[in-house]
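Here's a quick briefing to read with the model open beside you. Have a look at the fold first, then work through the topics below.

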Amino acid sequence: MDSRTIVAPMTPAGVSAVAALRVSGPQVRDVVRALFGARAEESLEARRANLATARDPRTVKDGDFKSAEVLDSLLYIFFEGPNSYTGEDVLELYPHGNPLIVRDLLQAIRSVPGVRLAEPGEYTRRAFLNGKMDLAQAESVADVIHSANRAELKNAHRLLSGALSKKVAALTAQIKDISARLELDVDFAEEEADPDYATWGVKIAAIRENVESLLNSFRGAAGVRRLPLAVLYGAPNAGKSSLVNALLGEDRILVSNVPGTTRDFVEVRLFLENGEIRLVDTAGIADKATDALDALSMEKSREILAEADLKILVVDGAVAGDADVALLKRAVAGNSLESVTHEAGVPGADLVVFSKSDLVQGSTPAQSDVAGDALSPLRVSAKTGEGLAELTRIMNERLFAKSNDGDDLWITSEREKVCLEEALAGIDRALDLIRTNPAVELLAFEMQLVRRSLQSIVGEISSEDVLQSIFAGFCIGK
């Protein structure tokens, strides 16, 4: 590993109130001296926040530090190794979030001999190499950063805290015990009685069950990080766009009393209690298209509906027209939330919403059509806010259904999945040997391979290529 000191921003590019930079390595004290002067370096104290003026060491004149150009007034904290994220000396700086200040600070720090810009994931890689975390925990850092909902975030924190590592360590210990007994039998095969293969088979089968359970918990990162998709559909002028704007709390989509204002589906992001979702406003669907563009718009609406995790039919609750009633009847036809009908290429709804409730006195004929139905239509008003809280609650409940996994976790790393598959294959070969040819030497060899596969998960056995592949996908500041 390159032992030079590294520096990188910890916050995204752009304007903000405060930015953050991290420096890690043996030249950290030199950086403090260069930016804040000799006195700051001499009085440096770990884990104490300091407010100081950072100056550009490249502009010092005649050895007078105070002659140097001012970069910013900022906070900085020193973490002395090994009690830091990377296990090395670390300096964190918190300047104002002006991109010009951040750039100038980076250039000033890099001017200190032995300091370079960090590579993607290099901080976490150093933390792994310095024993601050194992490889499974290091991989979970990316999951913590990119989790899109609370369930994923909770799982990522479990992985980062070492929950998977503990399970792997327990399995590895069991295999080490079996391997030791097998190798003992190999060494004293001529002096001892025949080994108890039945006992070995039971123990190895129990290990297999645990390894298979971990393997079955795999959820690919692409699938896990996919945002749930909720789609609003309905007849032209049903109030879909106004409803989206009301849910967002801002006028994001053009709204008009003229039917057909929305010609293409519009996707926005909406934060619910348990995570972020994709919310789509579609072009109105009618029995007949008015022109070729209208036909294309409705076809696009049908296509996005086919991908939806939650299909919400929006009906004009004030003056439900023929198109509203027709779509409503198709949704009700299945008589259950889970059913899907495909009449005229339009899927059934998972939820029915009657819009414009502020304009309604009593119930409309369309509402009467589904009175008491399993779809349980919801009355909402984009103008007054009626029903919006209930709608978001239902969306959150449907799109982020509570898991019954309890304290169980799942793995998201393809690398860990491959390691578990290799371990399972080795266990199956060992069990087959017990059934067909219980040679102690062969069993001992297979169990060694299984142990190595499990040790690879936490990085006890890893190659430079594996490490490079893992950390290349991290952001530079992590």
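Two strands count as paired here if DSSP finds at least two bridges between them. Strand S9 (residues 229–234) and strand S12 (residues 310–316) clear that bar with 5 bridges, running in the parallel sense. Keep in mind that this is a predicted model. Besides the sheet, there's an aromatic pair to look at, a count of 21 salt bridges, and a buried serine, Ser24, with a list of contacts.

**The open sheet**

- S9 and S12 belong to an open sheet of 6 strands, ordered S10-S11-S9-S12-S13-S14, and the pairing in it is mixed.
- Who sits at the edges of this sheet? That's strand S10 (266–272) and strand S14 (378–379); each has a single partner strand, so one side of each is left without a neighbour in the sheet.
- For a landmark in the parallel S9/S12 pair, go to Val231, which stands opposite Lys311 in S12.
- S10 pairs with strand S11 (residues 275–281) in the antiparallel sense, over 7 bridges.
- S10 and S11 make a hairpin, with 2 residues between them.
- To find your way in that pair, start at Val266: its bridge partner in S11 is Asp281.
- As background, strands of a sheet pair through backbone hydrogen bonds, either parallel or antiparallel.

**Aromatic rings and charges over them**

- Searching the whole structure turns up 1 aromatic pair.
- That pair is Phe36 with Tyr76: the ring centres are 4.2 Å apart and the planes are at 20°, so it counts as stacked, the cut-off being under 30 degrees.
- Phe36 is in helix H1 (residues 28–36) and Tyr76 is in strand S5, so the stack ties together parts that are 40 residues apart in sequence.
- Both Phe36 and Tyr76 are buried.
- Elsewhere, Arg219 lies over the face of Trp410, 3.7 Å from the ring centre.
- The ring of Phe218 has the charged end of Lys417 over it, 5.5 Å from its centre.

**Salt bridges**

- The count for the model comes to 21 salt bridges, and a few of them are worth pulling up.
- Glu41 bridges to Arg33, with the closest N and O atoms 2.8 Å apart.
- Are those two partners buried or exposed? Glu41 counts as buried because its 16% relative accessibility is under the 20% cut-off, while Arg33, at 38%, counts as partly exposed.
- Arg208 and Asp428 meet through their side chains at 2.5 Å, N to O.
- Arg208 is in helix H8 (residues 197–216) and Asp428 in helix H15 (residues 414–436), so this salt bridge ties together parts that are 220 residues apart in sequence.
- Asp428 counts as partly exposed, with 30% relative accessibility.
- Glu421 and Lys417 form a salt bridge at 2.8 Å, N to O, and Lys417 is the residue whose charged end sits over Phe218.
- Both Glu421 and Lys417 lie in helix H15, 4 residues apart, or about one turn of the helix.
- Glu421 is partly exposed at 34% relative accessible area, and Lys417 is partly exposed at 22%.
- There's also a network: salt bridges that share partners join Glu88, Arg116, Glu122 and Arg126.

**Glu88 and Ser24**

- Glu88, a member of that network, is in the loop between strand S5 (70–79) and strand S6 (90–94).
- Glu88 is buried, with a relative accessible area of 13%.
- The side chain of Glu88 makes a polar contact with the side chain of Arg126, at 3.1 Å.
- Ser24, in strand S3 (residues 21–24), is buried with a relative accessible area of 0%.
- Which residues does Ser24 touch, leaving aside its neighbours within four places in sequence? Contacts include Arg4, Thr5, Ile6, Asp89, Val90 and Tyr123, along with Glu88 and Arg126.
- Thr86 is also in contact with Ser24, and their side chains make a polar contact at 2.8 Å.
- Ser24 and Ser84 are 60 residues apart in sequence and 9.3 Å apart in space, C-alpha to C-alpha.

Definitions and conventions. Residues numbered from 1 in each chain as written. Predicted model: local features only at pLDDT ≥ 70, side-chain atom pairs only at ≥ 80, totals over all residues. Heavy atoms only, no water. Buried < 20%, exposed > 50% of the residue type's maximum accessible area, 1.4 Å probe, protein only. Polar contact = N/O pair within 3.5 Å; in protein donor to acceptor, adjacent residues only side chain to side chain. Phe/Tyr/Trp six-rings, centres within 6.5 Å; stacked < 30°, edge-to-face > 60°. Lys NZ or Arg CZ within 6 Å of the ring centre and 35° of its normal. Salt bridge = Lys/Arg side-chain N within 4 Å of Asp/Glu carboxyl O. Contact = heavy atoms within 4.5 Å.
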